[in-house]
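Trainee: Could you take me through one part of this model closely, the salt bridges and the cavity beside them, and then show me what surrounds that part? I would like the cut-offs along the way.

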Amino acid sequence: QVQLVESGGGLVQAGGSLRLSCAASGRTFGNYAMGWFRQGPGKEREFVATINWSERTFYADSVKGRFTISRDNAKNTVYLQMNILKPEDTAVYYCAFKINVPNRFIYYSGGGSYDYWGQGTQVTVSS
């Protein structure tokens, strides 16, 4: 079992920045991947970014160049630094964890690929 707790959401003006955190506990060892997803009002959940145990990262085109995913192994925490925020970034942001990743070159952008999810944190970007 893996438990995930997100934090860092809030209200920010367009052009501003926020940093989300996802603290993981439990079975957080081995070859894994962690991802961020979001679901805006009236929209389906969509992939944002992912990082695996070898620190390889992959981003959705909509956030590439603005968002950065990183991790702190000592704290078992993954971060999502969000810069140049836009109103369309408004969403509930979810952290996800996938166990048993067989190959560090494989990226997982489908929500169904992940085994554990956090409760989400709201990000609202005002225009």
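Mentor: Happy to; here is a walk through the salt bridges, the cavity, the nonpolar core and two loop residues.

The model is predicted, and local features need pLDDT of at least 70, side-chain atom pairs count only at pLDDT 80 or more, while totals for chains, interfaces and linings use all residues. Residues are numbered from 1 along each chain as its sequence is written, and side-chain values use heavy atoms, with hydrogens and water left out.

Let's start with the charges. There are five salt bridges in the structure, a salt bridge being a side-chain nitrogen of Lys or Arg within 4 Å of a carboxyl oxygen of Asp or Glu. Arg 38 pairs with Glu 46 at 2.6 Å, N to O. Arg 38 also meets Asp 89, at 2.9 Å from N to O. This second pair links distant parts of the chain, with Asp 89 in the loop between E8 and E9 and Arg 38 in strand E4, 51 residues apart. Strands here (E, at least two residues) and helices (H or I, at least four) are DSSP runs, numbered from the N terminus.

How exposed are these partners? Arg 38 and Asp 89 are both buried, and Arg 38 has a relative accessible area of 5%. Glu 46 is partly exposed, at 35%. Buried means under 20% relative accessible area, exposed over 50%, and partly exposed in between, with a 1.4 Å probe and protein chains only. A network of salt bridges links Arg 38, Glu 46, Arg 66 and Asp 89.

Another salt bridge joins Lys 64 to Asp 61, with the closest N and O atoms 3.1 Å apart. Here Lys 64 is partly exposed at 49%, whereas Asp 61 is exposed at 65%.

Now the cavity. The structure holds one cavity of 30 Å³ or more, with about 50 Å³ of space in it. On a 1 Å grid over the protein atoms alone, a cavity is a set of points where a 1.4 Å probe fits but cannot get out, and lining residues have an atom within 4 Å of a point. Grid points are joined across faces, edges and corners, and the volume is the space filled by probe spheres set on the points. Arg 38 and Glu 46 return in this lining, together with Gln 39, Gly 40, Lys 43, Glu 44, Glu 88, Thr 90 and Ala 91. By type, the lining has five charged, three polar and one nonpolar residue. Asp, Glu, Lys and Arg count as charged, Ala, Val, Leu, Ile, Met, Phe, Trp, Tyr, Cys and Pro as nonpolar, and the others, Gly among them, as polar.

Next comes the core. The largest nonpolar core has 37 residues, and Leu 4, Met 34, Trp 36, Leu 80, Met 82 and Tyr 93 have the most contacts inside it. Such a core is a set of buried Ala, Val, Leu, Ile, Met, Phe, Trp, Tyr and Cys residues joined through side-chain atoms within 4.5 Å. Strand E9 (91–98) is one of the elements that give two or more residues to this core, and E9 supplies the largest share, five residues. Leu 80 touches residues including Trp 36, Val 48, Phe 67 and Tyr 93, not counting those up to four places away in sequence; contact means heavy atoms within 4.5 Å.

Finally, two loop residues. Asn 76, in the loop between E7 and E8, has a positive phi of about 50° although it is not a glycine, and Asn 76 is partly exposed at 34%. Asn 100 lies in the loop between E9 and E10, has a positive phi near 55°, and is exposed at 53%.

Notes: 1 Å grid on protein atoms, 1.4 Å probe; cavity = no way out; pocket = protein on both sides within 12 Å on 5 of 7 lines; lining within 4 Å.
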